[in-house]
Amino acid sequence: MTSVALSAPTRSLLHYLSRGATTLKHRHQAGLTYSVRCYYETGKSATGGQAESARTIDLRSDTVTKPGPLMRRVMSEAEVGDDVFGEDPTVNELQQQAAELFGMESALFCPTGTMSNLIAVMVHCRERGDEMIVGDLSHVHIYEQGNCAQLAGVHSTTVTTLPNGTFDLDQLESKIRHGYPDAHYPRSRLVCVENTHNIQGGRVLPLDFLKELRSLTDRYGLKVHMDGARVMNAAIALGVPPSTILQHCHTVSVCLSKGLGAPVGTVLGGPKEFVEQAVRARKALGGGMRQAGILAAAGKLALSDMVGRLQEDHRNARSFAQALLQCDPPVYEVDLAAVETNILKFRVCAEGVSPAELCERAAGVSEAEERALGQGVRVLMFPHVGGSVRAVWHVDISEEDTRLAALKMQFVAQQLAKEKTRAQ
Ligand SMILES: *Cc1c(COP(=O)(O)O)cnc(C)c1O
């Protein structure tokens, strides 16, 4: 189903090859690991087609999705107005739809998840010396450039993120600034949680954890913000409406541009008063957009039509994980119980093979592979935290893509074994 266009360097490489060379070692060019043949010279390749028939299966992130024909149509037909004046009907509809879905009073369309998390922090932590508590492996803490300190002047203290994406509530309680208002201490204001947890491999926060967290934070008058970039995946995995999860949070940021397939956008949900303040913060950050209905139209479709199908991504991620475990020889390590949604984290346990090298091998296509599999398959993945590899499923990855990607991983496992034997 997915056949991603070749990159410009790959195309020019093939063009070069077509003018004479039959084989070329080019580890560094085009990111391919092995030799590429000149299909044009003989008129046929191992697949009987052209090199361009190599299939690309892009598991780097669920942000790589491209809007399909229906999404593009609703975008082109969207009614629009100036959203900074509050006059874009499509944005207003999206915000209404999101608020209802989240079970929150109000919602705000934001350009990105990074901005919407920052807005939430700015609104929750309004006074100089306010502090938030975050997981040490949270997106907010690791991947947002320290923007809360950099731009909002908010200090963070961390709690240890556990493998299931939660943290220890006793540790959290110990991190609350019990010394305030003694002039030495900042004032604890906010706790951020992440659901599903990205770095921990798409883990779903248990409802019990959220409930206990909320009763603890209520005792201390702290607010709870959920970085719910993928909270729809969590809702689908738990089989509950998102409002069941979000009843435990004051505010939430939900990405429309991840597994839900919209090209741009995040919605920030919360109480009416919070969202009124969020509108101001968004404008200050340069996120007040004008005829944003063109983008919001895609978001509306994402929320109405794309949530149900997340189940397919979860199923595909799981079947790929199972296939990795069945590879012979067994070079992949996966904790199947931890594969709950569309993100898979696994390890390669072949001596001397780094996650980066594995990704390079999975992304490359060789003649041997074409002979063995009848087709070249490029599987794109990223090396990830703690020596692992991350693969993410989304709307542009079919069951067939998943099957082919698994075959490729089996092929890579065999190649690694062969090379090892030869080296001995
Ligand atoms: C992607 C992501 C964000 C940020 O979203 P952008 O739209 O890329 O800025 C925040 N949190 C988590 C967990 C994410 O995966």
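Me: Let's start with Thr-166. Where does Thr-166 lie?
Reply: Thr-166 sits in the loop between β6 (155–159) and α8. One thing to keep in mind as we go: this is a predicted model.

Me: Why does Thr-166 count as buried?
Reply: The cut-off for a buried residue is 20 or more other C-beta atoms within 10 Å of its own. Thr-166 has 24 C-beta neighbours inside 10 Å, so it counts as buried.

Me: Which residues does Thr-166 touch, not counting those up to four places away in sequence?
Reply: They are Leu-205 and Phe-209. In that part of the sequence there is also Pro-206, which is 40 residues from Thr-166 along the chain, while their C-alpha atoms are 8.2 Å apart in space.

Me: What makes Gln-145 exposed?
Reply: A residue is exposed if 12 or fewer other C-beta atoms lie within 10 Å of its own. Gln-145 has 11 such neighbours, so it counts as exposed. You will find Gln-145 in the loop between α6 (139–142) and α7 (147–150).

Me: What is the phi of Gln-145?
Reply: It is near 60°, a positive value in a residue other than glycine. Most residues other than glycine have a negative phi.

Me: Now the lysine in the UniProt record. Which feature does UniProt place at Lys-258?
Reply: The unreviewed UniProt entry gives "modified residue: N6-(pyridoxal phosphate)lysine" at Lys-258. In the model, Lys-258 lies in the loop between β9 (251–255) and β10 (266–270).

Me: How do you know whether Lys-258 is buried or exposed?
Reply: Again we count other C-beta atoms within 10 Å, and 20 or more makes a residue buried. Lys-258 has 25, so it is buried. Leaving aside neighbours within four places in sequence, Lys-258 is in contact with Asp-62, Thr-63, Ala-229 and Arg-230.

Me: Which residues surround the ligand?
Reply: Among them are Thr-112, Gly-113, Thr-114, Asn-117, His-139, Glu-194 and Asn-198. The shell also includes Asp-227, Ala-229, Cys-255, Ser-257 and Thr-266. Helix α5 (residues 113–124) gives the largest share of this shell, three residues. By class, the shell has two nonpolar, eight polar and two charged residues.

Me: Why is helix α10 (residues 231–238) called largely enclosed by the rest of the structure?
Reply: Six of its eight residues are buried, so α10 is largely enclosed. Those buried residues are Val-231, Met-232, Asn-233, Ala-234, Ala-235 and Ile-236. Their cover includes β8 (223–227), α11 (242–246), β9 and α14 (310–326). After α10 comes Gly-239, with a positive phi near 70°.

Me: How do you know that the end C-alpha atoms of helix α4 (residues 89–102) are as far apart as they should be?
Reply: The expected span is 1.5 Å times one less than the number of residues. For the 14 residues of α4 that comes to 20 Å, and the end C-alpha atoms are 20 Å apart, so the two agree.

Me: Why are the buried residues of α4 said to line one face of the helix?
Reply: The buried residues are Thr-90, Val-91, Leu-94, Gln-95, Ala-98, Leu-101 and Phe-102. Seen down the axis of α4, they fall within an arc of 135°, so they line one face. This fits a general point: an α-helix has 3.6 residues a turn, so residues three or four places apart point the same way. The cover over these residues of α4 includes β4 (106–110), α11, β9, β10 and α13 (293–305). Gly-103 follows α4, and its phi is positive, near 70°.

Me: Why does Ala-363 count as buried?
Reply: The threshold is 20 or more C-beta atoms within 10 Å, and Ala-363 has 21, so it counts as buried. Ala-363 belongs to helix α15 (residues 355–363). Its C-alpha atom is 5.3 Å from that of Leu-380, 17 residues apart along the chain.

Me: Which peptide bond leading to Pro-181 or Pro-329 is cis or trans?
Reply: The bond from Tyr-180 to Pro-181 is cis, with omega near 10°. The bond from Asp-328 to Pro-329 is also cis, with omega near 0°. Pro-181 is in the loop between α8 (169–175) and β7 (187–194), and Pro-329 is in the loop between α14 and β11 (332–333).

How values were computed: Residues are numbered from 1 along each chain as its sequence is written. This is a predicted model: local features need pLDDT of at least 70, side-chain atom pairs count only at pLDDT 80 or more; totals for chains, interfaces and linings use all residues. UniProt positions are given in the numbering used here, feature names are shortened, and annotations may be inferred rather than shown by experiment. Helices (H or I, at least four residues) and strands (E, at least two) are DSSP runs, numbered from the N terminus. Two residues are in contact if their C-beta atoms, placed from the backbone, lie within 7 Å. A residue is near a molecule or strand if its C-beta atom, placed from the backbone, lies within 6 Å of it. Ala, Val, Leu, Ile, Met, Phe, Trp, Tyr, Cys and Pro count as nonpolar, Asp, Glu, Lys and Arg as charged, and the others, Gly among them, as polar. The arc is that of the directions from the helix axis to the C-beta atoms.
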